[in-house]
Amino acid sequence: MHIVVVNDKMQRGYKYKITEPVGKNFATDFEPELTPKEMLQLGVFGGRYMRDCKKEFPKDWFSKAKFYPEGLPGHDPKINYFGVDASQPLYVWKKKGWINGKYDPRGWFQWYCRYYMGRRIPEEDIKQIKRWRAIKRHAAQIIKNCKPGDLSCRKKQRQALLHWAYDSRRM
């Protein structure tokens, strides 16, 4: 068992245990199609997300990550794989109760990165996996309304799915 201590812009002194091997032993109903590293390389969240978390995760996750320049406010949708904005501001996530500041103040993707690394918090894991499964409804809309492989169809939904580790390029 390994203990991780987090000190970034949104968490100071937060500690968690790694109890599972990296990328292994996921819940049976949780089968993401993309790893956090792949998501960062494709372009997600306008390049804003996790720029100050590089010490917490493996360096190779960030070697080809697409990030918006440090020190500049906002994000750039052109960095996203589909070149569109498919995110809601952090204040919306908080207002809707999607973020648990105790564990993951940045939301689902931060939870996924830590889960991928081997952290397990049963009650939080159940909640986040339920949210992950619910987003799949967007995949059904792409399949119903787009020709297979037409990446120009429903770009915003495709980008949103990438944010949730669904590989919408394969639909």
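Q: What is the average pLDDT of the protein, and what share of the residues score at least 70?
A: The model is predicted. The protein averages a pLDDT of 92, on a scale from 0 to 100, and 99% of the residues score at least 70.

Q: Which elements have the lowest and the highest mean pLDDT?
A: Helix α2 (residues 90-95) has the lowest, with a mean of 78. Helix α1 (residues 36-42) has the highest, with a mean of 97.

Q: Why are α3 and α4 called oblique to each other?
A: Helix α3 (residues 108-117) and helix α4 (residues 122-134) pack at an angle of about 120°. Angles of 65 to 115 degrees count as roughly perpendicular and those over 145 as roughly antiparallel, so an angle of about 120° falls to the rest, which is oblique. The axes of the two helices are 11 Å apart, and α3 passes α4 in a left-handed crossing.

Q: Which residues of α3 meet α4?
A: They are W108, W111 and Y115. On the side of α4, the residues met are E124, D125, Q128, I129, R131 and W132. The residues of this contact divide into 5 nonpolar, 1 polar and 3 charged.

Q: How do you know that strand β1 and strand β2 pair?
A: Pairing requires at least two bridges between the strands. Strand β1 (residues 2-7) and strand β2 (residues 12-18) have 6 bridges, in the antiparallel sense, so they count as paired.

Q: What joins β1 to β2, and which residue in β2 does I3 stand opposite?
A: A hairpin joins the two strands through 4 residues. I3 stands opposite K17 in β2.

Conventions: Residues are numbered from 1 along each chain as its sequence is written. This is a predicted model: local features need pLDDT of at least 70, side-chain atom pairs count only at pLDDT 80 or more; totals for chains, interfaces and linings use all residues. Side-chain values use heavy atoms; hydrogens and water are left out. Axes are lines fitted to C-alpha atoms, for helices over the stretch in contact, and angles run from 0 to 180 degrees between N-to-C directions. A crossing is left-handed if the near helix is turned anticlockwise from the far one by less than a right angle, and right-handed if clockwise. Contact means heavy atoms within 4.5 Å. Ala, Val, Leu, Ile, Met, Phe, Trp, Tyr, Cys and Pro count as nonpolar, Asp, Glu, Lys and Arg as charged, and the others, Gly among them, as polar. pLDDT is the predictor's confidence in each residue, from 0 to 100.
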